[in-house]
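This report describes the strand arrangement of a single model, together with the helix packed on it, its aromatic pairs and one charged residue.

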Amino acid sequence: MNGKALLGPWGEALAADYLRRRGYRVAAANYRCRLGEIDLIVRRGPLVAFVEVKLRASAAFAEAREFVDRRKQGRIRAAASLWLAEHGGEDLQARFDVVEVYAPQGLETRRPRIVHIEDAFA
């Protein structure tokens, strides 16, 4: 794999570690189904958060969360509905989050900046 191909998984691993340190348990990573895909599904008590991870070099052009457009949100919502149906989600509180990872030097970035936006879209 080249450096560019490693960036996505690297950013998702950073986001997962960040969320674990804040008390979340990773229930699934890279969940894929016929309706779409979700980068991370994390749980803390009755809360389940469906997380889209966006890695960018900087926010100079636009904040990473701005790349989660309505179409992408719809696919995430559809995939989340299926995951909830498969995992008995009746008693869970669902939320959609975005985790932005800013890494100006890519994989060489010593301290990527991570921004967790809870309830990023309904």
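## Strand pairing in the sheet

Two strands are taken to pair if DSSP finds at least two bridges between them. The model discussed here is a predicted one, and in it five bridges join β2 to β3, the two strands running antiparallel. These strands form a hairpin with two residues between them, and glycine 45 in the turn has a positive phi of about 60°. Within this pairing, arginine 43 stands opposite valine 48 in β3.

The hairpin belongs to an open sheet of five strands, ordered β1-β2-β3-β4-β5, in which the pairing is mixed. Its edge strands are β1 (25–33) and β5 (113–117), each of which pairs on one side only, and the twist from one strand to the next averages 30°. On one side of the hairpin, β1 and β2 are paired in the antiparallel sense over seven bridges, with arginine 32 standing opposite glutamate 37 in β2. On the other, β3 and β4 run parallel and are joined by ten bridges, and here valine 51 stands opposite aspartate 97 in β4.

## Helix α2 and strand β3

Helix α2, which spans residues 70–86, lies across β1, β2, β3 (47–56) and β4 (93–102), and runs at about 55° to β2. Among the strands that the helix crosses, β3 is mostly covered, since eight of its ten residues are buried.

## Aromatic pairs

A search of the whole structure finds three aromatic pairs. One of them is formed by phenylalanine 50 and tryptophan 83, whose arrangement is edge-to-face, with 5.8 Å from centre to centre and 80° between the planes. Because phenylalanine 50 lies in strand β3 and tryptophan 83 in helix α2, this pair ties together parts that are 33 residues apart in sequence. Both partners are shielded: phenylalanine 50 is buried, with a relative accessible area of 1%, and tryptophan 83 also counts as buried, at 4% relative accessibility.

Another pair consists of phenylalanine 96 and phenylalanine 121, whose ring centres are 5.1 Å apart and whose planes meet at 20°, so this pair is stacked. It links distant parts of the chain, with phenylalanine 96 in strand β4 and phenylalanine 121 in the segment after β5, 25 residues apart. Phenylalanine 96 is buried, with a relative accessible area of 11%, and phenylalanine 121 is likewise buried, with a value of 6%. Phe50, Trp83, Phe96 and Phe121 form one aromatic cluster.

## Aspartate 39

Which side chain of opposite charge is nearest to aspartate 39, and how far away is it? Aspartate 39 is found in strand β2, which covers residues 36–44, and the side chain in question is that of lysine 72, at 5.8 Å. A salt bridge would require a side-chain nitrogen of Lys or Arg within 4 Å of a carboxyl oxygen, and aspartate 39 accordingly has none, although it is buried.

Leaving aside neighbours within four places in sequence, the contacts of aspartate 39 are with Glu12, Ala28, Ala29, Asn30, Val51, Glu52 and Val53. One of these contacts, Val51, is the residue that stands opposite aspartate 97 in the pairing of β3 with β4.

Notes
Residues numbered from 1 in each chain as written. Predicted model: local features only at pLDDT ≥ 70, side-chain atom pairs only at ≥ 80, totals over all residues. Heavy atoms only, no water. Helix = DSSP H or I, 4+ residues; strand = E, 2+ residues; numbered from the N terminus. Buried < 20%, exposed > 50% of the residue type's maximum accessible area, 1.4 Å probe, protein only. Lys, Arg positive; Asp, Glu negative; His and termini not counted. Contact = heavy atoms within 4.5 Å. Axes fitted to C-alpha atoms, helices over the stretch in contact; angles between N-to-C directions. Phe/Tyr/Trp six-rings, centres within 6.5 Å; stacked < 30°, edge-to-face > 60°.
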